[in-house]
Structures are given as structure tokens and as C-alpha cells.
Amino acid sequence: VGAALHDTGECRPCAWFHSPQGCLHGADCGFCHMCPAGELKARKRRKVEAMRAARDELAQPLLRQPRPSRAPWLQATSLVP
């Protein structure tokens with residue numbers, strides 16, 4: 001059932017299949033039992049990396065802008081006429 005999309009890469013790996021106690025749902029499980037051990041962790045890692053990359057990409061324009069002065073009255077102005 002859950003492995004129907006395995007060949008397309010759109011399946012969802014079963015978190016319990018490769019554990020010592022195994023998956024309690026067996027053939028009725030809605031998750032993929034064909035994925036190798038560690039696939040769920042690898043997908044989560046790739047997702048987090050993609051989210052961080054997107055965050056960093058969005059932050060780049062903000063980091064390039066000059067920071068406003070904290071005390072605008074201290075701007076470099078001529079005190080001598």
C-alpha cells in the first residue's frame with residue numbers, strides 16, 4: 001500500500017520497519033517498507049538543509065544593507081561654520 005509510490009520517489013518511508021521491533025501494521029501500513037534503512041533521516045536532513053538555504057538566500061539582501069545609525073543626531077556634521 002505505502003510502497004506504491006516508491007519508484008517515483010514520492011513515497012513516505014516507514015519509521016518503524018527497520019527498527020528492532022519492526023512495523024506493527026505490516027502489509028496494512030500506509031508507509032513505504034521498500035526504502036532502505038536511514039532514508040527517513042536522510043530526507044529530513046535534506047529538507048532542513050533546503051530550508052536553511054532558503055532562509056539564508058532571503059537574508060542576503062538584508063545583510064547587504066547598511067545598518068541605520070543608532071544615534072542620528074551624532075551624524076558627521078560640521079560644527080564650525
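**Note on E39 and the salt bridges**

1. E39 is buried, with a relative accessible area of 18%. The cut-off for that term is under 20% relative accessible area, so E39 at 18% counts as buried. The model is a predicted one, and the values below are to be read as computed from it.

2. E39 lies in helix α1, which covers residues 39–64. Leaving aside residues up to four places away in sequence, E39 touches P13 and R46. R46 comes up again below, as a salt-bridge partner of E39.

3. How many salt bridges does a search of the whole structure find? The search finds three. They are taken in turn in the points that follow.

4. One salt bridge pairs E39 with R43, and the closest N and O atoms are 2.9 Å apart. The side chains of these two residues are also joined by a polar contact of 2.9 Å. E39 and R43 are four residues apart in helix α1, so about one helical turn separates them. As for accessibility, R43 has a relative accessible area of 21% and is partly exposed. Buried requires under 20%, so R43 at 21% falls in the partly exposed class, whereas E39 at 18% is buried.

5. A salt bridge also forms between the side chains of R46 and E39, at 3.5 Å from N to O. R46 has a relative accessibility of 48% and therefore counts as partly exposed; the exposed class begins over 50%.

6. Which residues are linked in a network of salt bridges? The network consists of E39, R43 and R46. E39 takes part in the bridge with R43 and in the bridge with R46. Of the residues in this network, E39 is buried, R43 is partly exposed and R46 is partly exposed.

7. Another salt bridge brings together the side chains of R55 and D56, with an N to O distance of 3.3 Å. Is R55 buried or exposed? At 52% relative accessibility, R55 counts as exposed, because that class starts over 50%. Its partner D56 is partly exposed, with a relative accessible area of 38%.

Note on methods. Residues are numbered from 1 along each chain as its sequence is written. This is a predicted model: local features need pLDDT of at least 70, side-chain atom pairs count only at pLDDT 80 or more; totals for chains, interfaces and linings use all residues. Side-chain values use heavy atoms; hydrogens and water are left out. Helices (H or I, at least four residues) and strands (E, at least two) are DSSP runs, numbered from the N terminus. Buried means under 20% relative accessible area, exposed over 50%, partly exposed in between (1.4 Å probe, protein chains only). A polar contact is a pair of N or O atoms within 3.5 Å; within protein, one must be able to donate a hydrogen and the other to accept it, and residues adjacent in sequence count only if both atoms are side-chain atoms. Contact means heavy atoms within 4.5 Å. A salt bridge is a side-chain nitrogen of Lys or Arg within 4 Å of a carboxyl oxygen of Asp or Glu.
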